[in-house]
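Subject: Structure handover

Hello,

Here is the structure I promised you. Please open it and keep it beside this email. My notes follow below.

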Amino acid sequence: MFAEDIIIKPLLTEKGYDGIADKKYTFIVKKSANKTEIKMAVEKLFGVKVQSVNTINCKGKLKRMGRNEGYTPDYKKAVVQLKADSKAIEFFNSLS
């Protein structure tokens, strides 16, 4: 599995913005990826040193349009903590 396949996209939320100052970054990742694969993918893609990875499996929400209803897709979220001596991820620098 390639690093580009594991990291799907960054998750930009209010809680995620608060973690940027502490070098905590949030990503949506492939559901079958484990913490070790996520760590290696972030280190390879962004050239940083990862201290820890926390993952959360998020269930899809029930949505309705008129009488029709369905669920949004399930996804996996990863919160990546960088080491103190590591550089910051450049993509998130412009957001904080």
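One definition to begin with: a residue is called buried under 20% relative accessible area, exposed over 50%, and partly exposed in between. Please also remember that this is a predicted model.

Now apply the definition to Y17. Its relative accessible area is 36%. That value falls between the two cut-offs, so Y17 counts as partly exposed. Where does Y17 lie? Look in helix α2, which covers residues 14–20.

Y17 also belongs to a nonpolar patch on the surface. L12 and F91 are the partners of Y17 there. Together, the three residues have about 280 Å² of accessible area.

Next, the whole chain. How many helices and strands does the protein chain have? There are 4 helices and 6 strands. Along the sequence, they follow the pattern α-β-α-β-α-β-β-β-β-α. Trace that pattern in the viewer.

The C-alpha atoms fit a box of roughly 55 × 30 × 20 Å along the principal axes. The protein chain has 96 residues, and 31% of them count as buried. Its accessible surface comes to about 6,700 Å². Carbon and sulfur atoms supply 51% of that area.

Now the contacts. Take those with a separation of 6 or more. Residues 24 or more positions apart account for 61% of them.

Last, the charges. The protein chain carries 19 positive and 11 negative charges. The mean positions of these two groups are 5 Å apart.

Best wishes

Definitions and conventions: Residues are numbered from 1 along each chain as its sequence is written. This is a predicted model: local features need pLDDT of at least 70, side-chain atom pairs count only at pLDDT 80 or more; totals for chains, interfaces and linings use all residues. Side-chain values use heavy atoms; hydrogens and water are left out. Patches are made of residues with over 30% relative accessible area and no salt bridge: like charges are joined within 9 Å, nonpolar side chains (Val, Leu, Ile, Met, Phe, Trp, Tyr) within 5 Å. Accessible areas come from the Shrake-Rupley method with a 1.4 Å probe; for residues, only the protein chains shown count as cover. A salt bridge is a side-chain nitrogen of Lys or Arg within 4 Å of a carboxyl oxygen of Asp or Glu. Helices (H or I, at least four residues) and strands (E, at least two) are DSSP runs, numbered from the N terminus. Buried means under 20% relative accessible area, exposed over 50%, partly exposed in between (1.4 Å probe, protein chains only). Contact means heavy atoms within 4.5 Å. Lys and Arg count as positive and Asp and Glu as negative; His and the chain ends are not counted. The place of a charge is taken as NZ of Lys, CZ of Arg, CG of Asp or CD of Glu.
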